[in-house]
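Visitor: I'm new to this. Could you walk me through what we're looking at?
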Amino acid sequence: MFWTRLISGIVLIILAVITLWFGGYVTGVVTMLLSLIGVFELMRVYKVEQKIPGIIAYIWTVLYYVILMAGRKEFIMPVLVTYMLMVLAIYVFTFPKYHDKEIMATFFSFYYVSVMLSYVYQLRTMDDGGYFIVLVFLCSWGNDTLAYCFGRLFGKHKMSPVLSPKKSVEGLVGGILGAGVLGLLYGLWFNQYVHEINNLPVIFLVICAVGALPAVVGDLAASAIKRNNEVKDYGKLIPGHGGVMDRFDSMIFTAPIIFYLMQIML
């Protein structure tokens, strides 16, 4: 299991680097495909992945990304509103075919996965976005790795004993501080190439430290859904890691936080 997880993790990193290096439509299309898979995995938990509400979620995911990649952000809110109206229309006009839990799962899957994960693409499209997108990985994967190391070395107090018994308060603090240090180091390196922005290392430190906290929430939220529905993994797409929702659960929360922090601080 260790070697399978390691190899698939290396392959995943290589694919991520290639995807984000090209940017533009390449990043947009790949992010859209990941969103579609994530929506499918989440809706499968609630047994609606092959029903009409699920199909609507897939169609609106594609529509949402097409509008993003076309640069027509003025149509984003109409897409979000019409999605809600469409799903509710299906609910009322086919009543009582679908339970309210299935309809709420349809809403949740689209907004939770497609909309939130789209900020990876939106961050990449910013000026110098190819450099800024690294912060997402430092916050999510960096925080996860450092939290695990600190937890193994110093963990004594359980953070969430029922939901995730192996996670500790010491690991949480270590992950946040570690992500901040990674941001600081990355800012010191990046500062050699960008002179228009003052205090860049400090800005990256703050962004990574702040962004690490929602990464933990995203990880635990995905775990809570699995626990509530007695699901071990969301999928088997990534050997040793599970599905898209298993691997990108923290990034779903981190990407929009970093995007807006960048907008505010820069």
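Guide: The buried residues of helix H4 pack against helix H3 (52–69) and helix H5 (100–124), where contact means heavy atoms within 4.5 Å. This is a predicted model, where local features need pLDDT of at least 70, side-chain atom pairs count only at pLDDT 80 or more, and totals for chains, interfaces and linings use all residues. Residues are numbered from 1 along each chain as its sequence is written, and side-chain values use heavy atoms, with hydrogens and water left out.

Visitor: Which residues of H4 are buried?
Guide: Ile76, Val79, Leu80, Tyr83, Val87 and Ile90. Buried means under 20% relative accessible area, exposed over 50%, and partly exposed in between (1.4 Å probe, protein chains only).

Visitor: Why do we say they line one face of the helix?
Guide: Looking down the axis of H4, its buried residues fall within an arc of 100 degrees, so they line one face. That arc is taken from the directions from the helix axis to the C-beta atoms. On the other side, Met77, Leu85, Val92 and Phe93 are exposed.

Visitor: Why is Cys139 called buried?
Guide: Because its relative accessibility is 0%, Cys139 counts as buried. Cys208 is also at 0%, so Cys208 counts as buried.

Visitor: How many disulfides does a search of the whole structure find?
Guide: Zero! A disulfide is a pair of cysteine sulfur atoms within 2.5 Å. For Cys139, the nearest cysteine sulfur, that of Cys208, is 4.0 Å away, and Cys139 is in no disulfide.

Key:
Helices (H or I, at least four residues) and strands (E, at least two) are DSSP runs, numbered from the N terminus.
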